[in-house]
Amino acid sequence: MRARSLVDGYSKQEVGNNPPILTGFFGSFGGRYVAEVLRKPLHELEEAFLSIVPSKEFQEEYQAKLKSFVGRPTPLYYAENTTRLLGGGRLYIKLEGLAATGAHKINNALGQGLLAKRMGKKRVIAETGAGQHGVAVAAVCAHLGIPCRVYMGEVDMMRQKPNVFWMERYGAEVVGVSSGSRTLKDAVNEALRDWASHPEDTFYILGSALGPSPYPDMVRTFQSIIGVETKEQLASLGLKPTALIACVGGGSNAIGFFSPYLYPIDESEERIKGTETSNMPRLIGVEAGGRGPGKGQHAARMSGEGKVGIVQGYKSRFLLDEDGQVLPTHSVSAGLDYPGIGPELAYLGDRGRIEFITATDRQAIEAMDFFARTEGILFALESAHGGAAALRLLPSFSKEAVVVVNMSGRGDKDLFITARELDRERWREFLQREVDSLGDAL
Ligand SMILES: Cc1ncc(COP(=O)(O)O)c(C=O)c1O
């Protein structure tokens, strides 16, 4: 049976009864299926992760910077208006989007950045989809004084132009990727290629809980702060969660948010699915339902037709065609259209510990709009998939139930998408005026 890793350092008490081991596998998922040239740097990374991250010096520096640089702890907000309007359970929102650079991504970027520094690496590379991981890495590298290059699919660069601008302001070099679907998976490929060519001096900061071992363990470790903090914040209110809800791209915010409640899995298997009788909360992952069912229209790997495969160095569930080739995907949110899912989430989904559902593009946009008007809280489009699921499920819970949704990011970055969707005409006029005034200025 797969257990939590050795290095959950500050959250060791959350691990449960499973023996702490690091095997790199979650059941048959995970592993390290890479070309020979990447074996040595991955081994070196694993050694550093196991020896440096749990050390007192590392933890002290990391925890101090989480406070002073990232702005932790992020608030746990009681969504009183929504609770009153919808009935059913009480809704809480973990405001992870209030972390520096606007999303949970910085928890992991900071952890890996500090590790890079202690390993004496001279250069950092990263991939990014929505741009939030790229912005977080760029900011961390500026803070730590390490040169940084970010690979980003050309389609994502168009969708998330403001984030490209901000990464460059933080001093990062943003390199457009023109291969494949020109989105996140292609950016990961390019980053792996770069790392294979410069393994000695380069640290690859991977942004989600996926990729070859030890990345899934390492990213979960750095993101577990979300779940640990939420658990403490609930406990200080005398509460225990009935259900936790998070959106799932590669899976880093979800696995971090769920982390105190994932194991021991035997206990979770005894719980009666869909009821509130168990001590363990329901864990609900929300994938991109996109435009609806149909090949290329969504990114539902667990709740759709994901197949077991080995892609980008690890075994998990992916959207694949009959020949095992990766299928195109779609989501209105650039951070949820990755064709695979982190191996630990795939394993826990197959075991029934995590339930997976979808929210469509439209439902996510409506949820974003709802929470802005009802609570004064602006969800990122990725996180709004979790928000949409919370709105759908809340009335089905009893009044005593405590439902917590992770707002993994805030929605400012999505202005160019949401304004087009919700205020098209006025937005078009504004953009036209801007273009005209730029022309006048030239
Ligand atoms: C705000 C936000 N939430 C969620 C995600 C999805 O990533 P993950 O599943 O790794 O949390 C992204 C990815 O870019 C994001 O920017």
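With 442 residues, a compact globule would have a radius of gyration near 22 Å, and the protein, at 21 Å, agrees with that figure. Please note that this is a predicted model.

**The whole chain**

Begin with the entire protein in view. Along the principal axes, its C-alpha atoms fill a box of roughly 60 × 55 × 50 Å. A cartoon display will show 16 helices and 14 strands. If the residues are coloured by burial, 53% of the 442 residues will carry the colour for buried. Of the contacts between residues at least 6 apart in sequence, 75% join residues at least 24 apart.

**The two domains**

Next, select residues 10–70 together with 105–216, which form domain 1, and colour residues 76–101 together with 224–420, which form domain 2, separately. The centres of domain 1 and domain 2, taken over C-alpha atoms, are separated by 22 Å. Where the two domains meet, 48 residues of domain 1 are in contact with 41 residues of domain 2. On the domain 1 side, the elements that each supply at least two residues include β2 (29–30), α2 (56–70), α4 (105–118) and α8 (184–197). Which element gives the largest share of this side? Select α8: the largest share, 5 residues, comes from this helix. By class, the side of domain 1 that touches domain 2 has 21 nonpolar, 21 polar and 6 charged residues.

**A stop in domain 1: Val175**

Now centre the view on Val175, in strand β7 (residues 173–177). Is Val175 buried or partly exposed? Val175 has 15 C-beta neighbours inside 10 Å and therefore counts as partly exposed, since a buried residue requires 20 or more. Neighbours within four places in sequence aside, Val175 is in contact with Arg149, Val150 and Tyr151. A distance drawn between the C-alpha atoms of Val175 and Met157 should read 9.5 Å, although the two residues are 18 apart along the chain.

**The six-stranded sheet**

Turn next to the open sheet of 6 strands, which is ordered β3-β4-β14-β9-β10-β13 and has mixed pairing. The edges are held by β3 (76–78) and β13 (354–360); each has a single partner strand, so one side of each is left without a neighbour in the sheet. From one strand to the next, the twist averages 25°.

Within this sheet, select β9 (residues 243–247) and β10 (residues 282–290), which pair in the parallel sense over 5 bridges. Strands of a sheet pair through backbone hydrogen bonds, either parallel or antiparallel. To find one place along this pair, label Ala243, which stands opposite Arg282 in β10.

**Helices across the sheet**

Add helix α13 (residues 361–375), which lies across β10 and β13 and runs at about 85° to β13. Then add helix α14 (residues 381–393). This helix lies across β4 (90–94), β9, β10, β13 and β14 (402–406), running at about 145° to β9.

**The last stop: helix α12**

Finally, select helix α12 (residues 343–350). How many of its 8 residues are buried? The helix is mostly covered, with 7 of the 8 buried. The buried residues of α12 are Pro343, Glu344, Leu345, Ala346, Tyr347, Leu348 and Gly349. After α12 comes Gly352, whose phi is positive, near 85°.

Key
Residues are numbered from 1 along each chain as its sequence is written. This is a predicted model: local features need pLDDT of at least 70, side-chain atom pairs count only at pLDDT 80 or more; totals for chains, interfaces and linings use all residues. A residue is buried if 20 or more other C-beta atoms lie within 10 Å of its own, exposed if 12 or fewer, and partly exposed in between; C-beta atoms are placed from the backbone. Helices (H or I, at least four residues) and strands (E, at least two) are DSSP runs, numbered from the N terminus. Two residues are in contact if their C-beta atoms, placed from the backbone, lie within 7 Å. Two strands pair if DSSP finds at least two bridges between them. Axes are lines fitted to C-alpha atoms, for helices over the stretch in contact, and angles run from 0 to 180 degrees between N-to-C directions. The radius of gyration is taken over C-alpha atoms; the globule rule is 2.2 Å times the number of residues to the power 0.38. Domain bounds come from an automatic or database domain assignment. Ala, Val, Leu, Ile, Met, Phe, Trp, Tyr, Cys and Pro count as nonpolar, Asp, Glu, Lys and Arg as charged, and the others, Gly among them, as polar.
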